[in-house]
Amino acid sequence: MADKPEVDHYVGLVSMYKTAPINAFYRPEMVVSKGEAVIEIAVSDQHFHSAGAVHGSVYFKMLDDAAFFAANSMEPDYFVLTTSFTTYLTRPVSSGKLKSVGRVVNSNKSQFIAESVVYDDQGREIGRGNGIFMRSRMPLADVPGYSSD
């Protein structure tokens, strides 16, 4: 079981995510644990491109966010930054709920490497990504919405 400071950090990250202005549009739900983040978004026609399926930007957001928060779960003091991210879109989707799962696969003193997969509501993989994240100089305590209380 995670100790209280870790749990408080995860709660702070979720709070920070919920208060990000962009998430008023996507309305995601997120759960964070050590080295992992899970995000869900209900598909809406507002997410569609002109051919009636979810736009790739939604896939990217879900993949990057899940990998990012998995990485930041392992950095309790500073906001991390995405330095590179590769996205693969493997299946179109136009209804249901999307779920992305991000996991840290490697870390060292200067960076985190994380992978993420997004699934449709039938559990089929519809996209995947991987990225490199580094610690910034911005303390999490200074990021709007972050509160580990």
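Let's start from the outside: the protein chain has an accessible surface of about 8,100 Å², and 53% of that belongs to carbon and sulfur atoms (areas come from the Shrake-Rupley method with a 1.4 Å probe, and for residues only the protein chains shown count as cover). Keep in mind that this is a predicted model, where local features need pLDDT of at least 70, side-chain atom pairs count only at pLDDT 80 or more, and totals for chains, interfaces and linings use all residues. Residues are numbered from 1 along each chain as its sequence is written, and side-chain values use heavy atoms, with hydrogens and water left out.

Now for the overall build. The C-alpha atoms of the protein chain fit a box of roughly 45 × 30 × 30 Å along the principal axes. A compact globule of 149 residues would have a radius of gyration near 15 Å, and the chain agrees, because its own value is 15 Å (taken over C-alpha atoms, the globule rule being 2.2 Å times the number of residues to the power 0.38). Of the 149 residues, 41% count as buried; buried means under 20% relative accessible area, exposed over 50%, and partly exposed in between, using a 1.4 Å probe and protein chains only.

What is the chain made of? There are three helices and six strands, running α-α-β-β-α-β-β-β-β from the N terminus. These are DSSP runs numbered from the N terminus: helices are H or I with at least four residues, strands E with at least two. Among contacts with a separation of 6 or more, 65% join residues 24 or more positions apart, a contact being heavy atoms within 4.5 Å.

Let's zoom in on helix α3, residues 56-72. Its 17 residues should span 24 Å at 1.5 Å a residue, and its end C-alpha atoms are indeed 24 Å apart (the expected span is 1.5 Å times one less than the number of residues). Most of α3 is covered, with 14 of its 17 residues buried.

Two residues of this helix are worth a look. Phe-60 sits in α3 and is partly exposed, because its relative accessible area is 36%. Beyond its neighbours within four places in sequence, Phe-60 touches Phe-85 and Thr-87. Its C-alpha atom is 9.3 Å from that of Val-118, 58 residues away along the chain.

Asp-64 is in α3 too. Is Asp-64 buried or exposed? At 13% relative accessibility, Asp-64 counts as buried. Setting aside neighbours within four places in sequence, Asp-64 contacts Thr-82, Phe-85 and Phe-133.
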